[in-house]
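Okay, thanks for coming, everyone. Let me put the structure up and then talk through a couple of parts of it.

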Amino acid sequence: DFSHISGLELNKTKSYGMWIGTSKHNTDKPGEISWVNPGELIKILGIYFSSMREASDIEKNWETRIQRIKCIMKLWQKRESSVYGKIIICKTFLLSQISYVIQCLSLPVKVLAEIDSLFFKFIWQAKPSESRAREKVKRAVLCRDVENGGLNMRMFRGRIRARIGRRDEGESGEESDEESR
């Protein structure tokens, strides 16, 4: 018996069960744990899951993080930062708010576009009262390396593709010998 050997035991008062896959409509409740009803959300390590929808499609996984990004933007908007300073703020304080979820789930296109829009509006908006930010330099130029005349900003979309590429290449991020030939 595993629990006798290891000393580990399931805490049944804190455990929940959820039927998934072809059994998602099952109403049986085996064991002495609580069971989530079909369609209900359950939060595991900060991410919401449901037996009826993909976790990427659950708005709660994105809405709170986007609101947190907006709050941080408001705090930093009060300071008069340079464009380069705002890019550093985007990469350091804003992207970090959503990076964990991105590693766990695929990002919906709608959310991707909203975050890209928020970041570039934050960079170019002079005052929070301005309803629209006028971009003075093309995004493609802004995203170039400093050596190539840009400010090293990374489009959110590009970061996602890079992360997915690293997953496809393996843990080390290096290409295999066959791919490099």
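So, in which sense do strand β3 and strand β4 pair? They're antiparallel, with β3 at residues 41–44, β4 at residues 47–50, and 4 bridges. Strands here are DSSP E runs of at least two residues, helices are H or I runs of at least four, and both are numbered from the N terminus; a pair needs at least two DSSP bridges. Leu41 has Ser50 of β4 as its bridge partner. The two strands make a hairpin with 2 residues between them, and Leu45 in that turn has a positive phi of about 50°.

Quick caveats: this is a predicted model, local features need pLDDT of at least 70, side-chain atom pairs need 80 or more, and totals for chains, interfaces and linings use all residues. Numbering starts from 1 along each chain as its sequence is written, and side-chain values use heavy atoms, without hydrogens and water.

Now the helices. α3 (residues 83–94) and α5 (residues 109–124) have axes that come within 8 Å and cross at roughly 145°. Those axes are lines fitted to C-alpha atoms over the stretch in contact, with angles from 0 to 180 degrees between N-to-C directions. On the α3 side, the contact (heavy atoms within 4.5 Å) includes Val83 and Lys86, and α5 brings Phe119, Phe122, Ile123 and Trp124.

Which residues of α3 are buried, meaning under 20% relative accessible area with a 1.4 Å probe, protein chains only? Lys86, Ile87, Ile89, Cys90 and Leu94. They span an arc of only 155° around the axis, so they sit on the same side of α3; that arc is taken from the axis-to-C-beta directions. They pack against α2 (60–77), α5 and α6 (139–142).

Methods
Buried < 20%, exposed > 50% of the residue type's maximum accessible area, 1.4 Å probe, protein only.
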